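I opened the model to look at how its chains meet. My notes follow in the order I looked things up.

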4 protein chains.
Amino acid sequence: MIVIISNKVSEERVNEIVQHIEKYEVQAHVSKGVDRTVIGIIGKADPKLAEQLRQLSGVEQVVKISKSYKLASRDFHPADTVIKIKDVEIGGEQLVIMGGPCAVESPEQIDEIARLVKASGAQVLRGGAFKPRTGPYSFQGVGVEGLVMMAEAGKKHGLLTITEVMTPEYVDVCAEYADILQVGTRNMQNFDLLRKLGTIKTPVLLKRGFSSTYDEFLNAAEYILAGGNPNVMLCERGIRTFEPYTRNTLDLAAIPALQTLSHLPVISDPSHGTGRRELVEPMCKASVAAGANGLIVEMHTDPDNSMTGDGVQSLFPEQFAKLMVDLEKLAPLCGKSFDTQKSFVTA
Amino acid sequence: MIVIISNKVSEERVNEIVQHIEKYEVQAHVSKGVDRTVIGIIGKADPKLAEQLRQLSGVEQVVKISKSYKLASRDFHPADTVIKIKDVEIGGEQLVIMGGPCAVESPEQIDEIARLVKASGAQVLRGGAFKPRTGPYSFQGVGVEGLVMMAEAGKKHGLLTITEVMTPEYVDVCAEYADILQVGTRNMQNFDLLRKLGTIKTPVLLKRGFSSTYDEFLNAAEYILAGGNPNVMLCERGIRTFEPYTRNTLDLAAIPALQTLSHLPVISDPSHGTGRRELVEPMCKASVAAGANGLIVEMHTDPDNSMTGDGVQSLFPEQFAKLMVDLEKLAPLCGKSFDTQKSFVTA
Amino acid sequence: MIVIISNKVSEERVNEIVQHIEKYEVQAHVSKGVDRTVIGIIGKADPKLAEQLRQLSGVEQVVKISKSYKLASRDFHPADTVIKIKDVEIGGEQLVIMGGPCAVESPEQIDEIARLVKASGAQVLRGGAFKPRTGPYSFQGVGVEGLVMMAEAGKKHGLLTITEVMTPEYVDVCAEYADILQVGTRNMQNFDLLRKLGTIKTPVLLKRGFSSTYDEFLNAAEYILAGGNPNVMLCERGIRTFEPYTRNTLDLAAIPALQTLSHLPVISDPSHGTGRRELVEPMCKASVAAGANGLIVEMHTDPDNSMTGDGVQSLFPEQFAKLMVDLEKLAPLCGKSFDTQKSFVTA
Amino acid sequence: MIVIISNKVSEERVNEIVQHIEKYEVQAHVSKGVDRTVIGIIGKADPKLAEQLRQLSGVEQVVKISKSYKLASRDFHPADTVIKIKDVEIGGEQLVIMGGPCAVESPEQIDEIARLVKASGAQVLRGGAFKPRTGPYSFQGVGVEGLVMMAEAGKKHGLLTITEVMTPEYVDVCAEYADILQVGTRNMQNFDLLRKLGTIKTPVLLKRGFSSTYDEFLNAAEYILAGGNPNVMLCERGIRTFEPYTRNTLDLAAIPALQTLSHLPVISDPSHGTGRRELVEPMCKASVAAGANGLIVEMHTDPDNSMTGDGVQSLFPEQFAKLMVDLEKLAPLCGKSFDTQKSFVTA
C-alpha cells in the first residue's frame, strides 16, 4: 500500500501521518520527491488502515499494491505514461527512433551523423560523451566537450538528444545539455545515481541490467519515480546468457511483459542486444512487432574506425535509412505511427 | 572438408577413398546415408588433398567447410532448403502455421481443435501422443492411440500433422501416422534418436535444446543430415535464463542468425518460448517480423482443463483465429505469403 | 502422497485400490516396478484417504510427500541410501573414487590406466565405450568391444567399473559388462532410457543435466526409482553459465543441498565441472569438504593424444596419485574414510 | 604492454614518453596514480618499442602483458600480494575470517556480535552502514552513525572492520572509520567509484558482479590498481544462474582460477553465495579446501529479526563458533594457518 501526500502539506503533518501508520505495526518508508511525498507501507496492514488514511487531511491518494514496486506498476497508474519532449511523445502512438554513434568523437562526426539521422526520419540523436568501459585503458569518452558537440548537432538538425550519465555528480551537467539521460546497464542498480535522477525532471532512459529480472528492473525505476521524477522509460538491451554467437540475448518478450506490469514506455536496443550488424535490422522489426514504443539504434559513418570498437554492431547510414522506410510501413500494423517525411522536432 | 559419394558406389571403393584420405594424416569419418555417403575430414588438410579427391572416381563433390557441422551449413548449401509436404512448402515464401493442443486427449478433442485450426487458415495440426514429462507421475500422453486419432483428424480436415517422437524404437510408428516428426528440447542431443531419424525421409522439426548454443543445435541437425535425411527444420523454443517471469526466454535473434549460418527452415515456438498466453500473440508477430519460416502455436478449446497442465500457454480458439488474420496482413511486409482463405492441403 | 504395494499382490487388486483412490477425485499414477508397484496420488487429497488406504489389504505403506519426486526425497527415506557393490559401499562412510580415461581406446591403454588407478588407491575404473559427441564426425567410442576391454581390466586389477549407456537398447549389454551404468548430462531427461534403467538392479550414476535444476534432477532419479531400481547415485558435473573460462561451473552447493533433499549418494565430477586440469585438484578437495560421497576423475597416461580431445581436463597419473594421498588426509576431517593402501575390491 | 613511471618524474617528461610511444602507431592510455603513473599501450606494438622504452629516462619498468588487465595479472606480479593491516596479513599463510551482521542496527547489537566474533577467533568484523537494496522502500542502512558504532565495536574487541561503500562521495568518510572498504556486487562496474578508490590506500574488498566473468572482474580490479591503490582483494560471492533453490551459485572454481590469473588475495562469501544457512558451513569448508585466502560470513544474534531480512543466510553465534573450530583443523591441510586462540589484532 502507498500513500501519496502533496508537498504543500507541512513536514509536521507528514510525520503525524507516519505516526498514525506505525500504530498499525507496519513500517512506513517516506520518499520525499519534489512535488509529492510517497509513503510506502511495508508489512501486512489491517484492512481498516487504508480506509482511515483516506480520511486524514493531507492524504491525496491511497493505493493498495502488493508488488515491491508501486509507482512503476500498472496497478497504480492504469493508463500508459506518455513523456512529451518538445514535439515528440514517447509512450503513445508515435514510434520513436533514437539513432547515432556509440560515442561522440568530434564535432564533424556528430554533425554529419545527426544530419543523416534526421534525413532518415528519426527524432532523437544518441551518442555517448562518458563511456563505461570494462577496462581502464580503453577510450573513456571525450567528456563534457562531447555534451556540447552533441547539443549543437541536435539543435542544428532539429533532433532531441540522449546521452549516458554514469555518476551522481555529473547528472546536472548532462541534464543541462541533453534532452534525455540514459542510465547504462551496469548502473541499473547504482542506487545513488537513481536517487539523484529522482530529484530532477529530465526524462530518463533506464537500461535493464544485463542480468536483472523484470522485478529488479521495475524496482530500479521505482527509485527514480519515488524521488519525484515521473519521466522514466524502460529499455530492453539484451541479457547475458550462455550463447556466445550474439553479444547478448535480446529478450523481446520483455516488451509486452513490462507493458503489462508497468505503464512506462518500453524502448528496445537491438544494437547492444545482438552485437552484430546483420541482426540489427530483423531485431528492430521484431521489436516493433512486439509492441516497442521506440528503438535506440547505433549508426556510424565509419564503423570500422569507431573509437569504442563497437562498430561491428553499428549500421551504415544507408542501412539505417532503409530500415526507417521499412519501419514506416510496419508501424501502422503494430498500432503505431511513424512518418519519415515529417519533421517532429522544431529546432 | 567433406566428401560426398553416391551410394551407387561400392563399399570397397569408399574404403579405398578413405585410405587415400588417411595418407594425408587427417581423420576420415564416414556417415553412410540412404542415398549417399558423406566423409567428414577432420584435421588440417593439405591444400592438394581437395584437388586430388575431386579427381577420384566415385567422388561426387568436395566442399571445404571449416565449421564442425557441414551439411547443415550455408557454405555447403547456399540456397534455402524448401521442404515440400503435399501442398505445403516449408522454408520458401509460404508462412507455415502449426496449431493444436499440447497433447492429444480424445478423438473428440483433437477433431474439434483440427476443425478450428483449419478454419483459421493454418496448415498443420500439432499434438503430442507421447509426452516428455519432468516427473514420472504426470500424464505421459495417450500413446499410439493418440497417433491414430490425430492422423484421422488431420485427414478429415485437410491438415498436415506433427507429433513428438521420444525414442528410436518409436520412430517408425510415428512416421507411419504423422507427416512431420518433432524432436523435443530435452532430446536435442539424444544422438541415437537423431541417428535413427537420419535413416528415414520423413521431415523432422528439431527443437533447440533449452540450453544449447547455435553451434550445438546445428551439429544436432548434422546428425540427421549426415544419416541421409535432408528434411530438417530448426525450431527456436526459448532458452533457460535467470528470468522467472517467463517459462523460457525466446531468443528471436536465433531466427536470422540460424538462417545466416544454415539453409534449413526456422520455425518459432512462442508458446513454450514464453509460457504465458498473453505473450504468445506479440511474440508470434515478432517472430514473423524477425523472418521465421513458420510458427508452432498451442491452442486448446478448454485450456484450464488440459491434461498436461500447460493450458496457461495455450491460446483460446478465438485468439488463434484473430492471430491468423493479423499474420495475414503482416506476412507480406516480411517477405512471406499467408492466406487464411486458401486451403493448402488436399485431403 | 504415494502408496507402496508389493508385487505379490495381484494386478486385479491393484486396480481395485486405484478405483478406490479415484473416488476421492484425485489422479492415481501407477508405476509398476520389479518388486513393488508405486501409486503416486496427484491432487489435493482428503485427509481421510491416507487413513483408509493404510487399512486396505495389499497396501504396504502410505507416505505423505508434497514434492513432485517422492521415492527420491528424504521425507520418504530418512536414512542415507548406501549402495553396496562387492566390497565397496557408496553413500556411507567410505569416500569412493572413480578414475580413468574419458574413453576406452585400446586393451593396453585401459589395462595400464587401471593398474595406475588401483595403485593410487581408488576403487572404481571409469571409461566410455559409447561416447555422446556434439558432432557426428567426432570419435564416437569403440563400442561393445570397449565394454569387454574395460571389464577385463577391472577384473584383473580388482576394480569396479563404470561406463556410460546412451540408449535403452544398450542397457542390457552395458549391464552385463559394467558394475555401474552412467547416464550422461545430455540424457538426464531421456525418459525412455531412465524407464529402462528402472527395470534392472544395476547401480546407476545419474549425471545432472547441464542446465537442470535440483528439482528436475531428483525427478529424473524418481523415474529410475519408480521403475523399481533403488540403486541410484546423483552426480554434480557442472552447469552451463555465462563464464567462458571454465567448461562448466561446478555447483558445489548442490552436494549438501541434494543430500538435504534426498537420501541418495552424491558424487562430484570436477573434470567436466571445470574442464581444466589445473582446477581439478582443488575442486576435488573442495567437493570432499562439501560432503561428497565420492569423486569421478579423468586420468590419462597420454592426455595430449586422447581420442576424445578431452585430455585437457585429464590428470596425469602422478597428479592422480598425489591427489589420492591428499584426500586420504582430508577425508577423516570431513566424516569420511579413505585408505589408499587398502584393497577394497576382491578380484 | 605497460610502462611504469614514478610520480617523481615531471608531467612534461611523461608527455614526452607518451609522444615517443605514439610514433609507433599504438594508443597510450595514461593512468595517474598517487605514487606512480601507468601507461597502458593498446595495439600491436613493434618489438623494438619495449627495448627503447626501457632506456628512456623516467621509465621504471616495462612489462609485456597481452591481457586487457595488466597490473592485476600474475604476469605483472608473480608473487602473491599480501595485504598487511595491523597484525593481520591477507593473502599469505593466514586464513582470514570476517564475520558479522548484514547490517549494523544499533550500538548494542554490533557490540555484542563483535564480542562473539572475537571470541570465536575471527579477525575482522563485517557490517553494513549503507545497504544497497533492490527497492526504495526497504531499510537502507543506518548511515554514518553505523560507521561510528562499528568502529567503536571493532576497537573495543580488537577486530579489524570492513564495511560497504556505495558511491564516490562517501569513500572518504567510510575510509576514516573502517579498515577495509567493500564494493558490492552491483557496483563492481561502477567505474567512478572504482576510480575514487584508486586514489586512496585503504584496502578494498571487491565483490564479483553477480553476472561478471573473471576477465571483467580483474578489469574492475585494474581500475583501482591503475589509480594507485595496490591493496585490492577479490571476493567470489556467487553468480546468478537458472537454479532457484539457492540465492546464487557459488563458483568455487573461481578461487583457484583467479589465483592463477592474478596475484591478488581471494575471499569467499558463502552467505550470499548460497543464501541458505544450512549450506554456509559446508561451503565455508569447501572454500578453504579450494584455496581461499579468507571467508566473509554473516552471523547474527537474532537472525529472524534482522533489519534487512537476510537473516535466513546468517549463522547463529554457536554455529559460527563451531565453524571456526572446524576450520582451525582444516586450514593446515590446505596450506593455511588459523588459530582461534590467538588474538591477531592489538586493540
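**Chain D against chain A**

I began with the contact between the chains: chain D gives 38 residues and chain A gives 38 residues. I note that this is a predicted model.

Next I looked up the size. The size of an interface is often given as the accessible area lost when the parts come together. Between chain D and chain A, I get about 3,000 Å² of buried area. Carbon and sulfur atoms give 52% of that area.

Then I turned to charges. Side chains of opposite charge can pair when their charged atoms come close. I find two salt bridges across the interface of chain D and chain A. One of the pairs is D:Arg240 with A:Glu216, at 2.6 Å from N to O. I also looked for polar contacts across this interface, and the rule returns 17 residue pairs, both residues at pLDDT 80 or more.

Which elements of chain D give two or more residues to the side that touches chain A? I list strand 2 (27–32), strand 3 (36–42), helix 6 (191–197) and helix 7 (214–227) of chain D. Helix 7 of chain D has the largest share, with six residues. I sorted this side of chain D by class and got 14 nonpolar, 16 polar and eight charged residues.

**Symmetry**

How are the two copies related? I superposed chain D on chain A: the rotation is 180°, the shift along the axis is 0.0 Å, and the RMSD is 0.1 Å. The two copies are therefore related as by a two-fold rotation axis. In chain D, I find the C-alpha of D:Ser211 nearest the axis, at 3.2 Å.

I also compared the two sides of the contact. Of the interface residues of chain D, 100% are also interface residues in chain A, so the copies meet through the same surface.

**Within chain A**

I checked the record. An unreviewed UniProt entry lists residues 81–329 of chain A as "domain: DAHP synthetase I/KDSA". I find the end C-alpha atoms of this span 25 Å apart. The span is 38% helix and 16% strand.

Last, I counted salt bridges over all chains and got 80. One of them joins the side chains of A:Arg208 and A:Asp251, at 3.0 Å from N to O. This pair links distant parts of the chain, 43 residues apart. A:Arg208 sits in the loop between strand 11 (204–207) and helix 7 (214–227) of chain A. A:Asp251 sits in the loop between strand 12 (232–236) and helix 8 (254–261) of chain A.

How values were computed: Residues numbered from 1 in each chain as written. Chains lettered and ligands numbered in written order. Predicted model: local features only at pLDDT ≥ 70, side-chain atom pairs only at ≥ 80, totals over all residues. Heavy atoms only, no water. Contact = heavy atoms within 4.5 Å. Buried area = accessible area lost by both parts, 1.4 Å probe. Salt bridge = Lys/Arg side-chain N within 4 Å of Asp/Glu carboxyl O. Polar contact = N/O pair within 3.5 Å; in protein donor to acceptor, adjacent residues only side chain to side chain. Helix = DSSP H or I, 4+ residues; strand = E, 2+ residues; numbered from the N terminus. Nonpolar A, V, L, I, M, F, W, Y, C, P; charged D, E, K, R; others polar. Least-squares fit on C-alpha atoms with pLDDT ≥ 70 in both. UniProt positions renumbered as here; feature names shortened; annotations may be inferred.
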